[in-house]
Amino acid sequence: MANHTQFDLYSDLPPLPEYQTSQMPSLIPYIPDKLLTVILPIAAYWALSMLFHWIDINDYFPQYRLHTPAEVSSRNKVSRWEVVRDVVIQQIIQTAVGWGLGMTEPDDLVGKEDYDVAVWARRIRIAQRAIPGLLALAGLDVTGLAKSLNSTHPVLAGAMLGGKYSSLQATSADGSGFVEPISSFTAWEKTLASALYWYLIPALQYGIAIIVVDTWQYFLHRAMHMNKWMYTTFHSRHHRLYVPYAYGALYNHPFEGFLLDTLGASIAYKLAGMNTRQGMWFFTASTFKTVDDHCGYALPWDPLQRLTSNNAGYHDVHHQSWGIKTNFSQPFFTFWDRVLGTVWTGGDVSARYEKARIAAQKKAGQSTEKFTITHSNVADSAVQDPRPYQDDKKNAMGLTTIPLKDQQPLAPNGKAVLQAAGSRQQVLDDRQGGGPQVLEQEAAEERKAKSLLRREGRRRTASSFSQTDNLKGLRDRVTGSMHGRAGALIGMESDR
């Protein structure tokens, strides 16, 4: 009975086309795609990193910097050579894992595309067979309604009848007048099937991969901050870059780099069911995003920083002593931070963000105070649920020995105070990474930034007064000249 039902379901469907497959040509001749999949992300990493490094050393966009060049050398607790060395080590591990992963995958083939599109067209046709029953349940006369619509909306009428289209019927050639169905798909079924196969399914696969990576990295990353042993043993190495720069994005403990980045991306690739070519673009895009998040610039015209709020400004908070236990989300979206209450709530608390904020705001054409570098609203601090930081200030025993002048910038009242206390205590726990010296140096840089802002404010005020005086003088001269001309004109009229 089951076989008979299955035969009825498929017997009147258009046949699937025959196909013959062959191996997909390599994207770059003589370089197999599987090899290119491990090469391209590394090439992308260093290409984008060197672009930002070139911008750094030539000081091309100082107005968008999140930190001064002096901070890079004074606050970071690791040399550039050590950063390069550890990044290369991680990329060697990444290459080995990527190559092994590629060996488990079948070769990408071409030649079956038309067949796969036809399979989707069949699924669309089968799905239509449920429509008459659903409409009948709603009390509609399906046959009568379809008949009345057939002359004006034949496609809609055919779909209502379960995929029986008048355009796919022909009168028998033997003169009997018998109507025979034409075994074919309609144009709309083919178009929708092609869209599903070529665009919607790949988009869904990329979406799944992004969700998996974001979820994997959020919870592992958060665990490495919430567990003191995991932080001081593994993750603290990455945070010795208190002032991030582009090619430090993958500066990690080798075990952490494998667990957090390499393994997470590999699992996402597998779960999303990607082929080799899709994996190539996914790994490369993830690499671009990670480097951009650590670039140290709030660039208003950078598409990677405009598409999502998880960008350089957002992630820079996570590298500061007052925000190190917040903003765990990476690399794509901030969903988990916002759902689980770990997003920084103190706004653009640091004076060092102000210059970049003003410059980016002007470039973006926004004049309101809603524009922020950190994508944080300071008003949230007072109203948000303090969890999971409710005990952080109480447990920050080390902070009691640190003078208030070395706890700058001050966080606004509310949840941000708890977040800053927990973050600074974590910095103090990492004695090898600088401990109290980190807080002292950051506070000193904050005081410098505030002083600079005050001086720039006074210069702007003085400039404004100067412009006002100049305009007033010009107005007086013009007014006097006009009065003189008016008097002359009056005199001429009197003479007359």
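**Notebook: contacts inside a predicted model**

I began with Asn252, and found its side chain in a polar contact with the side chain of His238, at 3.4 Å. I note here that the model is a predicted one. I then looked up where Asn252 sits, and it is in the loop between helix H10 (228-233) and helix H11 (254-271). Is Asn252 buried or exposed? Its relative accessibility is 5%, so I put it down as buried. Leaving out residues up to four places away in sequence, I listed what Asn252 touches: Asp86, Gln90, Arg237, His238, Gly257 and Asp261.

**Entry: the whole protein**

I stepped back to the overall figures. The protein has 496 residues, and 43% of them count as buried. Its secondary structure comes to 20 helices and four strands. I also checked how far along the sequence the contacts reach. Of the contacts between residues at least 6 apart in sequence, 75% join residues at least 24 apart.

**Entry: Glu189**

I went to helix H9 (residues 187-226), where Glu189 lies. I recorded 0% relative accessibility for Glu189, so it counts as buried. Which side chain does the side chain of Glu189 make a polar contact with? I found that of Arg125, at 2.7 Å. Setting aside neighbours within four places in sequence, Glu189 is in contact with Ala121, Ile124, Arg125, Gln128 and Tyr165. Arg125 therefore appears both in the polar contact and in this contact list.

**Entry: salt bridges**

I counted the salt bridges, and the total is 21. I looked at three of them one by one.

I took Asp59 and Arg65 to start with; their side chains meet in a salt bridge of 3.4 Å, N to O. Arg65 has a relative accessible area of 11%, so I listed it as buried, the limit being under 20%. Asp59 is at 39% relative accessibility and counts as partly exposed, because exposed would need over 50%.

Next I checked Arg75, which forms a salt bridge with Glu442; the closest N and O atoms are 3.1 Å apart. Arg75 lies in helix H3 (residues 69-75) and Glu442 in helix H20 (residues 436-495), so this pair ties together parts that are 367 residues apart in sequence. I looked up both ends for burial. Arg75 has a relative accessible area of 1% and is buried, and Glu442, at 0% relative accessibility, counts as buried too.

The third was Lys325 with Asp392, where I read 3.3 Å between the closest N and O atoms. This pair also links distant parts of the chain, 67 residues apart: Lys325 is in the loop between helix H14 (312-318) and helix H15 (335-340), and Asp392 is in helix H18 (residues 392-395). Both Lys325 and Asp392 are buried.

I then asked which residues are joined into one network by salt bridges that share partners. They are Glu71, Arg75, Arg352, Glu442 and Glu446.

**Entry: rings**

I turned to the aromatic pairs, and there are 21 in the structure. I picked out Trp322 and Tyr353, whose ring centres are 6.4 Å apart and whose planes are at 70°, so the pair is edge-to-face. Trp322 is in the loop between H14 and H15 and Tyr353 is in the loop between H15 and helix H16 (354-363), so the pair ties together parts that are 31 residues apart in sequence. I found Trp322 and Tyr353 both buried. I also wrote down one aromatic cluster, formed by Tyr218, Phe219, Phe328, Phe335 and Trp336.

I looked for charges over rings as well. The charged end of Arg80 sits over the ring of Tyr245, 4.3 Å from the ring centre. The charged end of Arg123 sits over the ring of Trp120, and here I read 4.5 Å from the centre.

**Entry: helix H12**

I finished with helix H12 (residues 276-293), which has 18 residues. From its first C-alpha to its last it reaches 26 Å, close to the 26 Å expected at 1.5 Å a residue. How many of the residues of H12 are buried? I noted 15 of the 18, so H12 is largely enclosed by the rest of the structure. At the start of H12, I found a side-chain oxygen of Asn275 reaching to within 3.2 Å of the backbone nitrogen of Arg277.

Terms used:
Residues are numbered from 1 along each chain as its sequence is written. This is a predicted model: local features need pLDDT of at least 70, side-chain atom pairs count only at pLDDT 80 or more; totals for chains, interfaces and linings use all residues. Side-chain values use heavy atoms; hydrogens and water are left out. Helices (H or I, at least four residues) and strands (E, at least two) are DSSP runs, numbered from the N terminus. Buried means under 20% relative accessible area, exposed over 50%, partly exposed in between (1.4 Å probe, protein chains only). A polar contact is a pair of N or O atoms within 3.5 Å; within protein, one must be able to donate a hydrogen and the other to accept it, and residues adjacent in sequence count only if both atoms are side-chain atoms. Contact means heavy atoms within 4.5 Å. A salt bridge is a side-chain nitrogen of Lys or Arg within 4 Å of a carboxyl oxygen of Asp or Glu. Rings of Phe, Tyr and Trp (its six-membered ring) pair if their centres lie within 6.5 Å; planes under 30 degrees apart count as stacked, over 60 as edge-to-face and the rest as tilted. A charge sits over a ring if NZ of Lys or CZ of Arg is within 6 Å of the ring centre and within 35 degrees of the ring normal. The expected span of a helix is 1.5 Å times one less than its number of residues.
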